Amino acid sequence: MTDTPELIAVGLGPGDPELITVKGLRAIQAADVIFAPQSRDGDASIAIQIATPWIDQSRQRIVTLPLPMTRDSGQLRPAWQAAATVMQQELGQHRRGVYLLLGDPLLYGTFVYLWRELRVVAPDITVRIIPGITSFAAAAAASGIPLTMADERLIVVPASYETDASTLQRLLNDFSTVVLMKAGTALPAIVAALHQLNLIDHALYAERVGLAGEFITRDLRTLDLNHRPYLSLVIVRRGELL
């Protein structure tokens, strides 16, 4: 057992269990208690599903933390505070814990908000971060397109805030590659902007990268824009996709 409680945030990558880093895998296997976010009551935790091959359920305690999928701070802040309290209580007993999440803990993840609340209720807990492969890196690798070359610049932005043609044009003036994360409901506006800018053939769409139902296409012209999942992204390059 460690002298003080320890929590390690492990980025699992986009979804394929084989894309978990060796360091992340070792942290999972060494943990006494495993935390993971749960978006809705009754739903299985995607993070737990990804890490299941490496979890010993006869020895390790699994704790899912309800975290609503909303932008309403009135709902989110109490959920983060409640989750931090649960983590404090569990780590008081089990000492070594990991928090599992898709992608990377410090890129549009829930962990940063939990970490902030955990510092308030349990400043004695040592927190470490193990980075994960991002979904856009995995999507680019699966499709064989470069994210950047030579002196090119790349920007990663949340799709729901950057969907109109003027904003996208400004970003592409300054950056060779634009990654639009969590495209989902914003996809119709993104595709409309790409058509307006004559960039529809310079884009890649990907959803559920590394998970069951993975779908990646360079043909956004024929893509059904309705009801695309939250776990989706668009990569736009000024140059050719190769």
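**Figure 1. Phe-215, a partly exposed ring, and its partner Tyr-205.** In this predicted model, Phe-215 has a relative accessibility of 32% and so counts as partly exposed. Tyr-205, by contrast, is buried, at a relative accessible area of 0%. The ring centres of Tyr-205 and Phe-215 are 6.3 Å apart and the ring planes meet at 55°, so this pair is tilted. Follow the backbone and you will find Tyr-205 in strand β8 (residues 203–207) and Phe-215 in strand β9 (residues 215–217). The two residues are 10 residues apart, and their pairing links distant parts of the chain.

**Figure 2. Tyr-99 and Phe-111, a buried pair of rings.** A search of the whole structure turns up 4 aromatic pairs, and here we look at the one formed by Tyr-99 and Phe-111. Their ring centres lie 5.4 Å apart with the planes at 40°, so the pair is tilted. Tyr-99 belongs to strand β4 (residues 96–101) and Phe-111 to helix α4 (residues 111–121), so the pair ties together parts that are 12 residues apart in sequence. Are these rings buried or exposed? Tyr-99 has 0% relative accessibility and counts as buried. Phe-111, also at 0%, counts as buried too.

**Figure 3. An aromatic cluster with Arg-119 over Trp-115.** Step back a little from Tyr-99 and Phe-111, and Trp-115 joins the picture: ring pairs link these three residues into a cluster. Arg-119 lies over the face of Trp-115, at 4.7 Å from the ring centre.

**Figure 4. The largest nonpolar core.** This core has 26 residues. Which of them touch the most other members? They are Leu-180, Leu-194, Leu-220 and Val-234. At least two core residues come from each of β6 (154–158), α6 (165–174), β7 (177–181), α7 (187–196), β8 and β10 (232–237). Helix α7 gives the most, with 5 residues. As a general backdrop, nonpolar side chains in soluble globular proteins tend to be buried together.

**Figure 5. The surroundings of Leu-180.** Here we zoom in on Leu-180, setting aside its neighbours within four places in sequence. Leu-180 is then in contact with Val-157, Ala-159, Glu-162, Leu-168 and Ile-190. Further along the chain, its contacts include Ser-232, Leu-233, Val-234 and Val-236. Val-234 is also worth a second look as one of the four core residues that touch the most other members.

**Figure 6. A second, separate core.** This core holds 21 residues, among them Met-87, Leu-91, Tyr-99 and Leu-118. Tyr-99 will be familiar from the cluster with Phe-111 and Trp-115.

Definitions and conventions. Residues are numbered from 1 along each chain as its sequence is written. This is a predicted model: local features need pLDDT of at least 70, side-chain atom pairs count only at pLDDT 80 or more; totals for chains, interfaces and linings use all residues. Side-chain values use heavy atoms; hydrogens and water are left out. Rings of Phe, Tyr and Trp (its six-membered ring) pair if their centres lie within 6.5 Å; planes under 30 degrees apart count as stacked, over 60 as edge-to-face and the rest as tilted. Helices (H or I, at least four residues) and strands (E, at least two) are DSSP runs, numbered from the N terminus. Buried means under 20% relative accessible area, exposed over 50%, partly exposed in between (1.4 Å probe, protein chains only). A charge sits over a ring if NZ of Lys or CZ of Arg is within 6 Å of the ring centre and within 35 degrees of the ring normal. A nonpolar core is a set of buried Ala, Val, Leu, Ile, Met, Phe, Trp, Tyr and Cys residues joined through side-chain atoms within 4.5 Å. Contact means heavy atoms within 4.5 Å.
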